[in-house]
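Work through the following exercises with the sequence and the 3D structure at hand. Try each task before reading the solution beneath it.

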Amino acid sequence: MRDHKITKLLIPAVLLAAASLFFGGCATVPRSASLPAYSIGGVSYLSLVPLCESRDVDWNYDAFAKTVTLFKGGHTVSLLVDETLVLVDGREQHLKYPLRLHQGALAVPLRFKEQVFDVYFRPPQAPLPVGSGMRQASLVIKTIVVDAGHGGKDPGAIGRSGTREKDVTLDIVKRLSAVLKSQGYRVVLTRSSDVSVSLARRVSIANDAQADLFISIHANANRVRSLSGFEVYYVSPNANDYQRALSSSTEIPASLARYCAGAPSSNLKAILWDMILTNNRAESIALGKDICNTTGGAVSARIIGVKGANFYVLKGTRMPAVLVETGFLSNASEEKMLKNGYYRQQIAQAVASGIQNYARNCAPIEAHRR
Ligand SMILES: [Zn+2]
């Protein structure tokens, strides 16, 4: 599946034939049973492929984009030849020394093994220390951006008895923010009063805050007034990620921009973005499920579930992002519930519990989810 995805990115005509030579252990990247170490410019390096084989880690080398991607246990680690950048589950880290192609073999600095490889691809015989079901240090959820839908001159949906979505969302967001803060998270709001905030601004607030999660709160409306329920959206896999990646130049993180500077930058950029987006989508779905589960246990509303859609506010974010539709204002009984402060508190607490469960359980559950 992953071969497929990378191939798809490279397909533009002439590259197809060339690309087919490059995936999965091609001749220029010899395999070996031992773990050869050598010095390149005075720095200790290890041969990457034998290292992967010693831990049963799957790998792909794309000679066109000069990227190598390692997969195991739900973790994805990507490196670029001659660069110090490492994407670990879509998040960037930097090595002191770059990945090298040495005598036709991929070589990683010894520090890569300690800093990344041993952390994400543990040897099977080493039991996990107690409590290590938590996410790795680099993936701990610290900052959460909570977004109250609509506001100011945009009221959002309006219920039959006049309840405005922008008021419901702001109230739930304030309650959610208070619960999350009490749980120790850093919370950033896209708005804390009845003001208009553009979708682009909401996205940049989340990206600038380097948020670990983005939660957008809304209330639904439908012409079919009998429709009711609670649902969570993530960015749909039907969105054309390649086009998205190509058009995302203004959104590229500054630290990644230089990797996208020269030709064939568009492909490389697309690959980098695809890595980030694919991981964030899986995480967003997992988060959405956790939120639905806790909400289902807390309120009587029908839980519709987790769905994909193309909401702009989710598309530009560089972190797992979900949009929570807390209920239908177009449905008389749900409007009545959403008008009630106690109900809104229950929703806020349930969403916070879902986030908490996600933050706690992401790593160990990941394997079952995929
Ligand atoms: Zn809305």
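## Exercise 1: A residue and its core

**Task.** Leaving aside its neighbours within four places in sequence, find which residues valine 322 is in contact with, and then place valine 322 in a nonpolar core.

**Solution.** Once neighbours within four places in sequence are set aside, the contacts of valine 322 in this predicted model are Ile215, Val232, Tyr233, Tyr234, Ser284, Leu287, Gly288 and Ile291. The next step is to turn to the largest nonpolar core, which holds 50 residues, and in which Val322 is one of those that touch the most other members, together with Ile144, Leu176, Leu213, Val351 and Ile355. Helix α12, residues 341-369, gives the most to this core, with eight residues. A second core of 24 residues is separate from it and includes Leu51, Val68, Leu79 and Val86. As background, nonpolar side chains in soluble globular proteins tend to be buried together.

## Exercise 2: An enclosed strand

**Task.** Decide whether strand β12, residues 213-220, is largely enclosed or open, and explain why; then describe how β12 pairs with β10 and with β15.

**Solution.** Begin with burial, for which the cut-off is 20 or more other C-beta atoms within 10 Å of a residue's own. Eight of the eight residues of β12 are buried, and therefore the rest of the structure largely encloses this strand. Next, take the two faces separately: Leu213, Ile215, Ile217 and Ala219 are buried on one side, while Phe214, Ser216, His218 and Asn220 are buried on the other.

The pairing comes last. Strand β10, residues 143-148, is joined to β12 by five bridges and runs parallel to it, with alanine 148 standing opposite isoleucine 217. Strand β15, residues 321-328, also pairs with β12 in the parallel sense, here over six bridges, and valine 324 is the bridge partner of isoleucine 217 in β15.

## Exercise 3: An open sheet and its hairpins

**Task.** Establish in what order the strands of the five-stranded open sheet lie, which strands form its edges, and how β5 is joined to β4 and to β6.

**Solution.** The order is β3-β4-β5-β6-β7, and the pairing is antiparallel. Each of the edge strands, β3 (58-62) and β7 (91-94), pairs on one side only. With direction ignored, neighbouring strands of this sheet are turned by 20° against each other on average.

Now follow the chain from β4 to β6. Strand β4, residues 67-72, is joined to β5 by six bridges, and leucine 70 has valine 77 as its bridge partner in β5. These two strands form a hairpin with two residues between them, and glycine 73 in the turn has a positive phi of about 55°. Strand β5, residues 75-80, is joined to β6, residues 85-88, by three bridges, and leucine 79 has valine 86 as its bridge partner in β6. This second hairpin has four residues between β5 and β6, and aspartate 82 in its turn has a positive phi of about 65°.

Finally, consider the burial of β5: six of its six residues are buried, so the strand is largely enclosed by the rest of the structure. His75, Val77 and Leu79 point one way, Thr76, Ser78 and Leu80 point the other way, and all are buried.

## Exercise 4: One face of a helix

**Task.** Identify which residues are buried in helix α4, residues 110-120, and work out why they line one face of the helix.

**Solution.** The buried residues in α4 include Phe112, Val116, Phe117 and Tyr120. Seen down the axis of α4, its buried residues fall within an arc of 85°, and so they line one face of the helix. In general, an α-helix has 3.6 residues a turn, so residues three or four places apart point the same way. To complete the picture, the elements that cover these buried residues include α3 (48-54), β5, β6, β7 and β9 (105-109).

## Exercise 5: Positive phi in two loops

**Task.** Determine where glutamine 103 and glutamine 210 lie, and how exposed each is.

**Solution.** Glutamine 103 is found in the loop between β8 (100-102) and β9, and its phi is near 50°, a positive value in a residue other than glycine. With 11 other C-beta atoms within 10 Å, glutamine 103 is exposed. Glutamine 210 lies in the loop between α6 (199-208) and β12, and has a positive phi of about 50° although it is not a glycine. With 13 other C-beta atoms within 10 Å, glutamine 210 is partly exposed.

Conventions:
Residues numbered from 1 in each chain as written. Predicted model: local features only at pLDDT ≥ 70, side-chain atom pairs only at ≥ 80, totals over all residues. Pairing = 2+ DSSP bridges. Axes fitted to C-alpha atoms, helices over the stretch in contact; angles between N-to-C directions. Buried ≥ 20, exposed ≤ 12 C-beta atoms within 10 Å, placed from the backbone. Arc of directions from axis to C-beta. Contact = placed C-beta atoms within 7 Å. Core = buried A, V, L, I, M, F, W, Y, C linked by C-beta atoms within 7 Å.
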